[in-house]
Amino acid sequence: MVDDRAARRCGQSLSIITIGTGGLLILAKRRGLIPSISPGIQALRDAGLWLSDSIVNILKHQAGE
(Lines give C-alpha, C1' and ligand atoms only; values in the text may rest on other atoms or scores of the structure.)
Protein backbone atom coordinates (compact mmCIF):
# COMPACT_ATOMS: atom_id res chain seq x y z
CA MET A 1 0.00 0.00 0.00
CA VAL A 2 1.22 3.51 -0.80
CA ASP A 3 0.61 6.51 1.43
CA ASP A 4 -1.76 8.74 -0.56
CA ARG A 5 0.02 11.90 0.53
CA ALA A 6 3.46 10.72 -0.60
CA ALA A 7 2.06 9.40 -3.88
CA ARG A 8 0.17 12.66 -4.47
CA ARG A 9 3.29 14.75 -3.90
CA CYS A 10 5.27 12.58 -6.29
CA GLY A 11 2.57 12.82 -8.97
CA GLN A 12 2.26 16.57 -8.58
CA SER A 13 6.01 17.01 -8.92
CA LEU A 14 5.70 15.21 -12.26
CA SER A 15 2.61 17.24 -13.28
CA ILE A 16 0.38 14.16 -13.05
CA ILE A 17 -3.23 14.70 -11.96
CA THR A 18 -3.94 12.71 -8.81
CA ILE A 19 -7.23 11.69 -7.19
CA GLY A 20 -6.28 9.48 -4.22
CA THR A 21 -7.83 6.25 -3.05
CA GLY A 22 -11.12 7.84 -2.01
CA GLY A 23 -11.41 9.56 -5.37
CA LEU A 24 -10.77 6.27 -7.10
CA LEU A 25 -13.66 4.67 -5.20
CA ILE A 26 -15.96 7.56 -6.20
CA LEU A 27 -14.87 7.26 -9.84
CA ALA A 28 -15.53 3.51 -9.80
CA LYS A 29 -19.03 4.10 -8.46
CA ARG A 30 -19.78 6.83 -11.02
CA ARG A 31 -18.71 4.48 -13.80
CA GLY A 32 -20.95 1.73 -12.48
CA LEU A 33 -18.10 -0.57 -11.50
CA ILE A 34 -19.19 -0.76 -7.85
CA PRO A 35 -22.62 -0.11 -6.31
CA SER A 36 -21.29 1.62 -3.18
CA ILE A 37 -18.02 3.04 -1.84
CA SER A 38 -18.79 1.99 1.75
CA PRO A 39 -17.41 -1.58 1.47
CA GLY A 40 -14.23 -0.23 -0.11
CA ILE A 41 -13.78 2.32 2.64
CA GLN A 42 -14.31 -0.35 5.28
CA ALA A 43 -11.81 -2.65 3.55
CA LEU A 44 -9.23 0.15 3.58
CA ARG A 45 -9.83 0.75 7.28
CA ASP A 46 -9.64 -2.99 8.00
CA ALA A 47 -6.29 -3.08 6.18
CA GLY A 48 -4.94 -0.39 8.50
CA LEU A 49 -5.43 2.80 6.47
CA TRP A 50 -6.52 5.57 8.80
CA LEU A 51 -9.45 7.58 7.47
CA SER A 52 -11.14 10.12 9.71
CA ASP A 53 -14.90 10.02 10.05
CA SER A 54 -15.12 13.49 8.52
CA ILE A 55 -13.19 12.36 5.41
CA VAL A 56 -15.40 9.27 5.11
CA ASN A 57 -18.50 11.48 5.35
CA ILE A 58 -17.14 13.81 2.65
CA LEU A 59 -16.38 10.87 0.36
CA LYS A 60 -19.81 9.36 0.90
CA HIS A 61 -21.47 12.72 0.24
CA GLN A 62 -19.50 13.13 -3.01
CA ALA A 63 -20.53 9.61 -4.00
CA GLY A 64 -24.18 10.35 -3.27
CA GLU A 65 -24.41 7.96 -0.32
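Which residues make up the largest nonpolar core? The legends below refer to a predicted model, and the core is taken up in the second view.

**View 1. Overview of the protein chain, a predicted model with four helices and zero strands.** Read from the start of the sequence, the elements follow the pattern α-α-α-α. The C-alpha trace spans about 35 × 25 × 20 Å along its principal axes. The chain has 65 residues, of which 20% count as buried. About 4800 Å² of the protein chain is exposed, and carbon and sulfur atoms supply 58% of that area. Taking contacts between residues at least 6 apart in sequence, 35% join residues at least 24 apart.

**View 2. The largest nonpolar core, with nine residues.** Its members are Leu25, Ile26, Ile37, Ile41, Leu44, Leu51, Val56, Leu59 and Ala63. The elements that give two or more residues to this core are α2 (20–30), α3 (38–46) and α4 (53–62). Leu59, one of the core residues, is in contact with Gly22, Gly23, Ile26, Ile37 and Ile41 when its neighbours within four places in sequence are left aside. Among these contacts of Leu59, Ile26, Ile37 and Ile41 belong to the core as well.

**View 3. Glycine 23 in helix α2.** Is this residue buried or partly exposed? Glycine 23 has a relative accessible area of 22%, so it counts as partly exposed. Glycine 23 is one of the residues in contact with leucine 59. The C-alpha atom of glycine 23 is separated by 9.2 Å from that of glutamine 62, although the two residues are 39 apart along the chain.

**View 4. The largest pocket, with about 410 Å³ of space.** The lining has 18 residues, and those closest to the centre of the pocket are Asp4, Arg8, Trp50, Leu51 and Ile55. One of them, Leu51, is also a member of the largest nonpolar core. Helices α1 (4–13), α2, α3 and α4 each supply at least two lining residues. Which helix gives the most to the lining? Helix α2 does, with five residues. By residue type, the lining divides into nine nonpolar, five polar and four charged residues.

**View 5. Aspartate 4 and arginine 5 in helix α1.** Aspartate 4 is among the residues closest to the centre of the largest pocket. Aspartate 4 counts as partly exposed because its relative accessibility is 25%. With neighbours within four places in sequence left aside, aspartate 4 is in contact with Gly20 and Thr21. The C-alpha atoms of aspartate 4 and isoleucine 41 lie 37 residues apart along the chain and are separated by 14 Å. Arginine 5 has a relative accessible area of 53%, and therefore counts as exposed. Between the C-alpha atoms of arginine 5 and glycine 20 the separation is 8.3 Å, and these residues are 15 apart along the chain. Glycine 20 thus appears twice in this view: in contact with aspartate 4, and as the partner in the distance from arginine 5.

**View 6. Serine 15 in the loop between α1 and α2.** What is the sign of phi at serine 15? Phi of serine 15 is near 60°, a positive value in a residue other than glycine. The relative accessible area of serine 15 is 68%, so this loop residue is exposed.

**View 7. Arginine 45 in helix α3.** Arginine 45 is partly exposed, because its relative accessibility is 28%. Which residues are in contact with arginine 45, leaving aside its neighbours within four places in sequence? They are Leu51, Ser52, Asp53 and Val56. Two of these contacts, Leu51 and Val56, are listed in the largest nonpolar core. Leu51 is also among the residues closest to the centre of the largest pocket.

Key
Residues are numbered from 1 along each chain as its sequence is written. This is a predicted model: local features need pLDDT of at least 70, side-chain atom pairs count only at pLDDT 80 or more; totals for chains, interfaces and linings use all residues. Side-chain values use heavy atoms; hydrogens and water are left out. A nonpolar core is a set of buried Ala, Val, Leu, Ile, Met, Phe, Trp, Tyr and Cys residues joined through side-chain atoms within 4.5 Å. Buried means under 20% relative accessible area, exposed over 50%, partly exposed in between (1.4 Å probe, protein chains only). Contact means heavy atoms within 4.5 Å. On a 1 Å grid over the protein atoms alone, a cavity is a set of points where a 1.4 Å probe fits but cannot get out, and a pocket is an open set with protein on both sides within 12 Å along at least five of seven lines; lining residues have an atom within 4 Å of a point. Grid points are joined across faces, edges and corners, and a volume is the space filled by probe spheres set on the points. Ala, Val, Leu, Ile, Met, Phe, Trp, Tyr, Cys and Pro count as nonpolar, Asp, Glu, Lys and Arg as charged, and the others, Gly among them, as polar. Accessible areas come from the Shrake-Rupley method with a 1.4 Å probe; for residues, only the protein chains shown count as cover.
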